Amino acid sequence: MLRGFYTAASGILTQQRTLNVLTNNIANSQTPGFRGSRVVTTTFEHEFLTRIEGYNTGRIGTGTPMRMVSEVPIRFDPNSLEETERPYDIAIDGVGYFNVQAAADEEGNEGAQYLTRNGNFDLDDQNQLVLPGVGVVLGEKGPIKLDTAYFTVESDGTIYDEAGKVVDKLLVTIPPEGTEINQIQNGLYQTENMEANERVTEQTNLVQGWIERSNIDINREYTLVMEAQRAFQACSTALQIIDDIDQKAATQIASV
């Protein structure tokens with residue numbers, strides 16, 4: 001019966017993690033540039049019972065019916081663009097990410113830097129281009145400051161003011177191939193070494209007055225949520241049945 005306990009319990013934990021990921025996808029379905037995630041599972045045997053020493057691999061136990069979460073990868077498939085006609089909205093048509101820096105803390109330490117595809121920008125009270133609730137948008141010279149609300153963004157990211165003077169160039173970077181990209185929250189990402197990210201010089205156009213949609217198919221997400229809920233309920237019921245059987249076995253057999 002212990003094996004049954006482990007199987008049902010691992011199913012509950014796996015489906016709970018799946019529901020958390022799916023509901024986060026749904027909550028961010030309207031967040032520009034958001035990339036959804038999926039839960040990938042593996043057997044406990046592959047995760048734990050295989051040891052690797054140098055170039056030799058050997059089994060250290062028998063198989064198990066348990067499954068567990070192996071990873072939660074981000075789906076980086078391309079998204080469509082939507083026209084907004086807001087001059088502060090900028091979309092990336094191609095590869096790369098905007099760079100946004102959070103405000104400094106109370107001790108004056110520099111805020112964290114993030115990657116994002118969310119170009120739903122605005123101006124703060126200091127005329128800095130910002131991603132609301134996150135921080136200032138970075139250009140190649142640092143935080144982008146605009147003296148006027150009338151400006152133009154060229155396809156290469158160069159920003160011109162009303163007089164046609166170059167203000168700065170949007171910093172659009174991409175992590176080196178093979179770099180792990182970690183999702184922080186609501187379409188914000190980081191790599192272990194942000195300074196190693198490379199500037200994008202081709203295969204990308206910036207479009208002013210547009211934003212990038214999220215890659216979330218809301219109908220698909222709701223379907224997956226219902227599947228996960230049914231699986232969660234089934235595992236929970238199985239766990240209760242196994243517990244009842246064990247309880248009866250302990251009381252009835254002991255009374256014989």
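**Salt bridges in close-up**

**View 1. R199 and its partner E140.** R199 has a relative accessibility of 49% and therefore counts as partly exposed, since only values over 50% are classed as exposed. The model shown in this and the following views is a predicted one. E140, at 37% relative accessibility, is likewise assigned to the partly exposed class. A salt bridge links E140 with R199, and their closest N and O atoms lie 3.6 Å apart. E140 is located in the loop between β11 (135–139) and β12 (142–143), whereas R199 belongs to strand β19 (residues 198–199), so this pair ties together parts of the chain that are 59 residues apart in sequence.

**View 2. A network of R35, R117 and E212.** Salt bridges with shared partners join R35, R117 and E212 into one network. Side chains of opposite charge can pair when their charged atoms come close.

**View 3. The pairing of R213 with E82.** The side chains of R213 and E82 form a salt bridge with an N to O distance of 3.9 Å. R213 is found in the loop between β21 (210–212) and α3 (218–255), and E82 in strand β5 (residues 81–83), so the salt bridge ties together parts that are 131 residues apart in sequence. R213 is partly exposed, with a relative accessibility of 43%. E82 has a relative accessible area of 32% and is also partly exposed.

**View 4. A buried acid, D89, with R86.** In this view, the side chains of D89 and R86 meet in a salt bridge of 2.6 Å, N to O. D89 has a relative accessible area of 1% and is therefore buried, because residues under 20% are placed in that class. Its partner R86, with 28% relative accessibility, counts as partly exposed.

**View 5. The setting of the close-ups within the chain.** The structure holds seven salt bridges, among them R213 with E82, D89 with R86 and E140 with R199. Three helices and 21 strands make up the helices and strands of the chain. The chain comprises 256 residues, 36% of which count as buried. Among contacts in the chain with a separation of 6 or more, 65% are between residues 24 or more positions apart. The accessible surface of the chain amounts to about 15300 Å², and carbon and sulfur atoms account for 48% of this area.

How values were computed
Residues numbered from 1 in each chain as written. Predicted model: local features only at pLDDT ≥ 70, side-chain atom pairs only at ≥ 80, totals over all residues. Heavy atoms only, no water. Salt bridge = Lys/Arg side-chain N within 4 Å of Asp/Glu carboxyl O. Helix = DSSP H or I, 4+ residues; strand = E, 2+ residues; numbered from the N terminus. Buried < 20%, exposed > 50% of the residue type's maximum accessible area, 1.4 Å probe, protein only. Contact = heavy atoms within 4.5 Å. Areas by Shrake-Rupley, 256 points an atom, 1.4 Å probe, with all protein chains shown as cover.
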